[in-house]
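Trainee: Could we go through this structure together, one question at a time, so that I can follow each answer on the display?

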Amino acid sequence: MANETLRFADLDLSPEVLRAVERMGFSAPTPIQAQTIPLMMDGRDVIAKAPTGTGKTCAFGIPIIECLDPEITDPQAVVVCPTRELCVQIAEELRQLTVYRPDIRIASVYGGQPIGRQLAVLKKNPHIVVATPGRLLDHMGRGTVYLGNVYTAVLDEADEMLKMGFIRDVRKILGATPADTQVVMFSATISREVMDVAWEYQHNAEEITVAAEGDNRPKIAQFALLSSGDRRIQDMLCLIRELSLHRVMVFCNMKNTVRRLNDRLRREGCSVDCLHGDIPQSQRNAVMKKYREGKFEILVATDVAARGIDVDDVEAVFNYDIPEENEYYLHRIGRTGRAKRRGVAFTFMTPDDRFRLRDIKKYTHSKIEDLAFDETGRPVLKTGEGLLETVKNWENQRNFAGE
Ligand code: ADP
Ligand code: MG
C-alpha cells in the first residue's frame, strides 16, 4: 500500500497539527497513518496489525488531538500501553504533536512513579491520559481519574499487553468507558486475546494490516555469527570498530548478563550504560534520556526494559544472547532501521542455537546471513565478501530501489 503521493495536507488536519508534523520532520504519512487517521476521524473502531517502527503513535495521536474538545474537563482519550517506557514515549510524541496547541493537556500515569506527582497532573484535567493498565486502575479506584466521558480508547501493543497478563485490567478499563466509546487497537500480531477483546469491546471495527513486506520492511541487514562466552565481547567490539558504530543497542536475556556486560564494557573503555527491571524508574528514564541525546554510545538492555522504546537512528542491534522468543527477535532488531533509516543487526549464537536461528528465520521471514572472522580477524560472509563492503552495497541497492 504505497502512498507516495498522499500528503499530510490531504488528510484534513488542522494547521496546528500540520505545522507540528512538519516541525517533527515528517514529509508524508506512513501507510498505517494514511489508513488509520481518516477512519479514526470518522469515529470508526479500528484494529490495526502493523510491525514496529511503522509510525503507529502518530496514527492514533493525530486523530485523537484533532477530535478533542478542549472545553471538556474529563479525559476524552485514554491510551493504554504495556510499559512505563512506552508510556513516557507516547506522551512525549503527543506533546510534540501539540506544540502549537497549548490548550491541550496530556498526562502520563504509570507504575514506579510516585502517586503524588501523578495526582497533581490528573488534577489539572488532562484531555488525554496515557497509562499502563495497573496504575490506571489504581487511579480509577481512588477516583482520581474518570473515564465516563472518554470518546476514544486506544490499546497500543495490545498483544504484548494482553500477553503480560493485563487482560483483566484492560477489560475493567474498557468497561469503565461509555459503551459507544471508539475503541482502537494496535498490535504486531492478532492473538487470541486480542481477538477476544476486539470481539467484546469493538463495534464493526475496520481491520487494517500493514505487512512487514516491501516498503515497510525495516531496512535492516541481518547477520548471525558463532560466538559465545566472553569471546562475544571482543567480537562485538571488533564489529563496532569495523562499521564505525556510535549508537548501538545490545540485548541480553537476563538482568545479570546485562549487569556484567555493562561492567565489562565499561572496563574496556566503552561509552556504555544499561537498562533492566531492577533499576529504579527515575534512573531508567534518565538513562533513556541520555541515550536519546547521544551522551553514551552503547545501551545494554533486557527485552522488558527496552520494550517499545523508540530512539532515532540506532545504527546497530546486537543480540548478545539469541532471543528466547521469535517475536523478541523482531522487537529487538526493530530498534534500528526505523522510519526511513537503515540498520544492521547481529546475533551471537552457540552451535546449539542453530536450531533457534532456523526457527527465527522461518517465523520472521528474515534473511539472516552467516558471518565469521577470517584468519586476519576481518569479519566476512560465506562468500568471502567483507562485512563493510556488504553493508555498503546493500545500502546502495536499497537506494536504487527507489526510496
Ligand atoms: P511504532 O509504534 O509503529 O513502532 P512509532 O510511532 O514509534 O512506531 O514511530 C517510529 C518512528 O518513526 C518514530 O521515530 C517516529 O517519530 C517516526 N515517524 C512517525 N511517523 C513518521 C512519518 N510520517 N514520517 C517519518 N517518520 C515518522
Ligand atoms: Mg509504538
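Trainee: Which residue in β4 is the bridge partner of Val80?

Mentor: Begin with the two strands, β2 (residues 77-80) and β4 (residues 128-131), which run parallel and are joined by four bridges. Strands here are DSSP runs of E with at least two residues, helices are runs of H or I with at least four, and both are numbered from the N terminus; two strands pair if DSSP finds at least two bridges between them. In β4, the bridge partner of Val80 is Ala131.

Trainee: What kind of model is this, and how are its residues numbered?

Mentor: It is a predicted model, in which local features need pLDDT of at least 70 and side-chain atom pairs count only at pLDDT 80 or more, while totals for chains, interfaces and linings use all residues. Side-chain values use heavy atoms, with hydrogens and water left out, chains are lettered from A and ligands numbered from 1 in the order in which they are written, and residues are numbered along each chain as its sequence is written, from 1.

Trainee: Which strands stand at the edges of the sheet that has seven strands?

Mentor: That open sheet follows the order β3-β4-β2-β5-β6-β1-β7, and its pairing is parallel. A strand at the edge has a single partner, so one side of it is left without a neighbour in the sheet, and this applies to β3 (106-109) and β7 (206-209).

Trainee: What is the average twist from one strand to the next in the sheet of eight strands?

Mentor: The eight strands form an open sheet in the order β10-β11-β9-β12-β13-β8-β14-β15 with mixed pairing, and β10 (272-275) and β15 (379-381) are the edge strands, each pairing on one side only. Axes are lines fitted to C-alpha atoms, for helices over the stretch in contact, and angles run from 0 to 180 degrees between N-to-C directions. From one strand to the next, the twist averages 25°.

Trainee: Which residue in the turn between β14 and β15 has a positive phi?

Mentor: β14 (residues 368-373) is joined to β8 by four bridges in a parallel run, whereas β14 and β15 pair in the antiparallel sense over three bridges. One of the bridge partnerships links Ala372 with Val380 in β15. The two strands make a hairpin with five residues between them, and the residue with a positive phi, of about 85°, is Gly377.

Trainee: At what angle to β10 does helix α10 run?

Mentor: Helix α11 (residues 281-292) packs on the sheet, touching β9, β10 and β11, and its direction makes about 135° with that of β10. Contact means heavy atoms within 4.5 Å. Helix α10 (residues 255-267), for its part, lies across β9 (248-251), β10 and β11 (298-301), and its angle to β10 is about 170°.

Trainee: Is the crossing of α7 past α8 left-handed or right-handed?

Mentor: The axes of α7 (residues 158-176) and α8 (residues 192-201) come within 9 Å and cross at roughly 20°, which makes α7 roughly parallel to α8. (Angles under 35 degrees count as roughly parallel, over 145 as roughly antiparallel, 65 to 115 as roughly perpendicular and the rest as oblique.) A crossing is left-handed if the near helix is turned anticlockwise from the far one by less than a right angle, and right-handed if clockwise. The crossing of α7 past α8 is left-handed.

Trainee: How many charged residues are there in the contact of α4 with α11?

Mentor: The axes of α4 and α11 come within 11 Å and cross at roughly 50°, which makes α4 oblique to α11. Arg84, Glu85, Val88 and Gln89 of α4 meet Gln281, Arg284, Asn285 and Arg292 of α11. Ala, Val, Leu, Ile, Met, Phe, Trp, Tyr, Cys and Pro count as nonpolar, Asp, Glu, Lys and Arg as charged, and the others, Gly among them, as polar. By these classes, the contact holds one nonpolar residue, three polar residues and, as charged residues, four.

Trainee: Which residue has the backbone nitrogen that the side chain of Glu66 reaches at 2.7 Å?

Mentor: Glu66 lies in helix α3 (residues 56-67) and touches Leu13, Ser14, Val17 and Met41, not counting residues up to four places away in sequence. A polar contact is a pair of N or O atoms within 3.5 Å; within protein, one must be able to donate a hydrogen and the other to accept it, and residues adjacent in sequence count only if both atoms are side-chain atoms. The backbone nitrogen that the Glu66 side chain reaches at 2.7 Å belongs to Ser14.
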